Amino acid sequence: MEQRHLGRTGLRVTRLGLGTLNWARDTDEQEAADQLKAFWEAGGSLVDTADIYADGGAEYLLGRLTEELVPREDLVIATKAGSVLESDRRIDGSRRHLLAALDASLERLGTDYVDLWQLHAFDPHTPLEETLQALDLAVTSGRARYVGLANFSGWQLARAGTWQLAAPGVRNRLASAQMEYSLLQRGIEREVLPAALDLGIGLLPSSPLGRGVLTGKYRHGTPADSRGASEHLAAFVAPYLDETASRVVEAVTTAADGLAVTPLQVALSWVRDRPGVTAPILGARTAQQLRAALSVETLSLPDEICQALDDVSAPVHHYPDHDWSTL
């Protein structure tokens with residue numbers, strides 16, 4: 001599998017990543033093992049998890065599998081911290097919480113370090129400087145090799161990235177920004193993507209298949225074994241089952257028919273090759289689904305197909321997102 005540099009750093013990762021959101025919940029240990037083995041055998045290296053996935057169960061399962069199935073040195077392990085399940089708050093970006101969470105992640109993963117440690121979201125109640133200091137401490141202590149952010153808005157990403165660059169050699173450059181990005185969700189193109197490109201931060205798109213909708217599986221209803229029919233994920237899929245999304249899905253299906261490939265391959269290839277993207281994160285539920293996604297490695301969309309998909313999925317941008325002189 002082809003590799004790319006993660007942002008403006010020396011870290012190289014495969015241009016598709018394996019996500020573990022479903023592990024230890026919808027995906028059991030045997031299925032997770034099959035996924036990891038299939039990913040590794042395809043040449044994949046980047047594996048993404050988080051301390052909150054299955055309340056730590058995904059990290060624990062990944063740790064067991066890297067000990068028993070796949071060599072740790074063959075993987076680029078990325079995890080996240082900052083999300084909490086408390087009644088009065090959802091995000092804790094304090095230095096106290098983050099560093100304790102990192103130690104707990106390392107214990108569950110059974111490793112002395114993670115290759116990439118990311119803040120799960122922006123905490124408006126903690127000074128950003130304190131939060132970013134935790135990232136620097138993680139690197140200087142050897143517990144993380146690189147650091148990044150997730151789910152930050154454009155101004156938040158720009159402020160954090162600029163702060164880190166303001167003291168070279170003291171603060172560590174942000175390597176990544178993990179954001180939802182697909183033909184059904186192009187909101188990051190307004191401000192997050194331009195900021196990331198300017199700051200040299202690599203994008204790791206989550207939900208690159210529009211929460212599964214871009215595979216076309218929901219065109220004629222909701223399959224009983226799909227996320228859309230799942231008690232805890234139905235609300236996650238629902239926003240992309242409207243008429244606007246349907247038009248995009250039909251365009252993807254038409255393109256797939258013309259190229260003799262699947263809608264999944266078209267949608268994934270489109271986001272994988274967007275400017276600034278390093279590696280979409282694949283959140284497959286089964287090894288069979290993962291293998292179908294990995295088959296996109298040999299596909300590059302023709303320019304005219306890309307343009308047609310750009311047009312049908314184009315977000316509405318107005319002032320000040322566009323040059324005022326063109327409005």
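1. Let's start with a helix that is well tucked away. In this predicted model, the buried residues of α9 are Pro 263, Leu 264, Gln 265, Val 266, Ala 267, Leu 268, Ser 269, Trp 270, Val 271 and Arg 272. That is ten of the ten residues in the helix, which spans 263–272, so α9 counts as mostly covered.

2. What lies over α9? Its buried residues are covered by elements that include the strands β1 (3–5), β11 (202–206) and β12 (281–282), along with the helices α8 (243–259), α10 (287–294) and α11 (303–313). Try finding each of them in the structure above.

3. Two of those helices also pack against each other. Packed helices in general are described by an angle and a distance, both taken between their axes. For α8 and α11 the angle is about 170° and the axes are 9 Å apart. Because angles over 145 degrees count as roughly antiparallel, α8 is roughly antiparallel to α11.

4. Who makes this contact? From α8 come Arg 247, Val 248, Ala 251, Val 252, Ala 255 and Leu 259, and from α11 come Ile 305, Leu 309, Val 312 and Ser 313. By type, these residues divide into eight nonpolar, one polar and one charged.

5. Now for a single residue, Asp 51, found in the loop between β4 (46–48) and α2 (57–68). Is Asp 51 buried or exposed? Its relative accessible area is 11%, so Asp 51 is buried, the cut-off being under 20%.

6. Setting aside neighbours within four places in sequence, Asp 51 is in contact with Gly 56, Glu 59, Thr 79, Lys 80, Ala 81, Gly 82, Ala 101, Ser 105 and Arg 108.

Methods:
Residues are numbered from 1 along each chain as its sequence is written. This is a predicted model: local features need pLDDT of at least 70, side-chain atom pairs count only at pLDDT 80 or more; totals for chains, interfaces and linings use all residues. Side-chain values use heavy atoms; hydrogens and water are left out. Helices (H or I, at least four residues) and strands (E, at least two) are DSSP runs, numbered from the N terminus. Buried means under 20% relative accessible area, exposed over 50%, partly exposed in between (1.4 Å probe, protein chains only). Contact means heavy atoms within 4.5 Å. Axes are lines fitted to C-alpha atoms, for helices over the stretch in contact, and angles run from 0 to 180 degrees between N-to-C directions. Angles under 35 degrees count as roughly parallel, over 145 as roughly antiparallel, 65 to 115 as roughly perpendicular and the rest as oblique. Ala, Val, Leu, Ile, Met, Phe, Trp, Tyr, Cys and Pro count as nonpolar, Asp, Glu, Lys and Arg as charged, and the others, Gly among them, as polar.
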